[in-house]
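Work through the exercises below with the sequence and the coordinates open. Try each task before reading its solution.

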Amino acid sequence: MTEATTRPVTLPLTRERPFDPPDALGLWRDEDPIRPLAYPDGHQGWLVTGYAAARAILADPRFSTRIELLHTPLPQRAMQFRNTLRRPGFFLRLDPPDHTRYRRLLAGQFTVRRMKGLEPRIEEITRDHLDAMERAGAPTDLVRAFALPIPSLVICELLGVPYADREKFQRDSAVLLSLNSSVEQIEAAMNDLLDYLDDLVRRKRAEPDDDLVSGLATETDLTDEELAGVTTLLLIAGHETTANMLGLGTFALLRNPEQLAAVRDNPEAADHAVEELLRYLTVIHIGPLRAALEDVEIDGRLIRAGESVTISVAAANRDPERFPEPDQLDVARPASGHLTFGHGIHQCLGQQLARTEMRIAYPALLRRFPGLRLAVPAEEVPMRTDMAIYGVHRLPVTW
């Protein structure tokens, strides 16, 4: 431990290259996987960049996700996003036993078996959008034509949200996830989304259908407010994360032709390819956040009760002690064990759905359009550095 590794740093957000986390994160990880972090509100906590330390903290019940205990490393205005999480049903920021109650109600809805049963419908949705792309012709924005609508339609059908209303929830989601949104914009977007979903929940209670929200409305003790909050989280996470993986993943493959060919020509290898893209790209690029409930020693560092911890999953997923040659995209790599979906009791509920969508969508896209290529220079592709979920704002392609 040197003076350099004990001096507080601030979280870097500027990327030198579109597919890599900021260089400073890797340099710091190699020096010391846990170091002091200065937060914008004056709090001093910790930045975790090493895989082993990140995994340990995510699995440790002595670290809390409760919103009132957390500090965020983002600029002050973006910190206001956390105010939107003080709502009934927003179980991401709860600890057991409150978190356990919600998790148990939802876990059975996202089993591997149930996701397997969705495959034919996801294949049909993917095929329909590829057909539409082919009819419309090139060039096109792959985000609008393919990456965004496929997971949006899938999560709408799963939850029972009318797909015709997608522009509303996509617009509100974009405001909530923007690091540049004002407090007023965030509150307005959240209230708009919750009002819409409150009305949907009431309709589902009165006239239930064969969907997840109807099931939760009729078979659980969740209140309307709780169910609207739960649905908000599932709706945002269920389309934003996969949409950005499809867009950013395709961009990365187009910049790595040998890797693209491996995914296109060997669909049976799609499982490895999806895990590697999840590891390599890590669209959840800020956080997660935790707060110590008591003094805890991790990797030789004493984290005191009340101190916040920011975990850089992007840096942890590039840790050479866990993944050899981590800065190389290798779709044949057995990349299981990455932390993109988190770890421990807060591991992403919808991870199997996301995997299923990507495993189907990537090879189908590349086989349908074997000549797929960028329609603009790579440096002109607008990156989502201004969003809580990383990706591309647009991906102009031709074939």
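Four exercises follow, on strands, a helix, a side-chain pair and a pocket.

The model is predicted, with local features requiring pLDDT of at least 70 and side-chain atom pairs pLDDT 80 or more, while totals for chains, interfaces and linings use all residues. Residues are numbered from 1 along each chain as its sequence is written, and side-chain values use heavy atoms, with hydrogens and water left out.

**Exercise 1. Place strand β8 among its partners and describe its two faces.**

Step 1. Fix the terms. Helices (H or I, at least four residues) and strands (E, at least two) are DSSP runs numbered from the N terminus. Two strands pair if DSSP finds at least two bridges between them.

Step 2. Find the parallel partner. Strand β2 (residues 44-48) runs parallel to β8 and is joined to it by 3 bridges. Valine 48 lies opposite isoleucine 311 of β8.

Step 3. Find the antiparallel partner. Strand β5 (residues 289-292) is also joined to β8 by 3 bridges, in the antiparallel sense. Arginine 290 has valine 309 as its bridge partner, and alanine 291 has serine 308.

Step 4. Extend from β5. Strand β3 (residues 63-64) pairs with β5 over 2 bridges, antiparallel, and phenylalanine 63 stands opposite alanine 292.

Step 5. Check the faces. Buried means under 20% relative accessible area, exposed over 50%, and partly exposed in between (1.4 Å probe, protein chains only). In β8 (residues 308-311), Ser308 and Thr310 on one side are buried, as are Val309 and Ile311 on the other. In β5, Leu289 and Ala291 point one way and Arg290 and Ala292 the other, and all are buried.

**Exercise 2. Explain why helix α8 counts as largely enclosed.**

Step 1. Count. Of the 11 residues of α8 (residues 149-159), 10 are buried, so the helix is largely enclosed by the rest of the structure. Among them are Pro149, Ile150, Leu153 and Cys156.

Step 2. Identify the cover. With contact taken as heavy atoms within 4.5 Å, the elements covering the buried residues include α6 (112-136), α7, α9, α11 (212-219), α12 and α16 (351-368).

Step 3. Look past the end. Glycine 160, just after α8, has a positive phi of about 95°.

**Exercise 3. Which residues does arginine 121 contact beyond its neighbours within four places in sequence?**

Step 1. Locate the residue. Arginine 121 belongs to helix α6 and is partly exposed, at 29% relative accessible area.

Step 2. List the contacts. They are Leu153 and Glu157.

Step 3. Examine the pair. Arginine 121 and glutamate 157 are 36 residues apart in sequence and 9.9 Å apart C-alpha to C-alpha. Their side chains make a polar contact at 2.6 Å (a pair of N or O atoms within 3.5 Å; within protein, one must be able to donate a hydrogen and the other to accept it, and residues adjacent in sequence count only if both atoms are side-chain atoms).

**Exercise 4. By class, what lines the largest pocket?**

Step 1. Sort the lining. Nonpolar residues number 7 (Ala, Val, Leu, Ile, Met, Phe, Trp, Tyr, Cys and Pro), charged residues 5 (Asp, Glu, Lys and Arg) and polar residues 4 (the others, Gly among them).

Step 2. Trace the source. Helix α12 gives the largest share of the lining, 4 residues.
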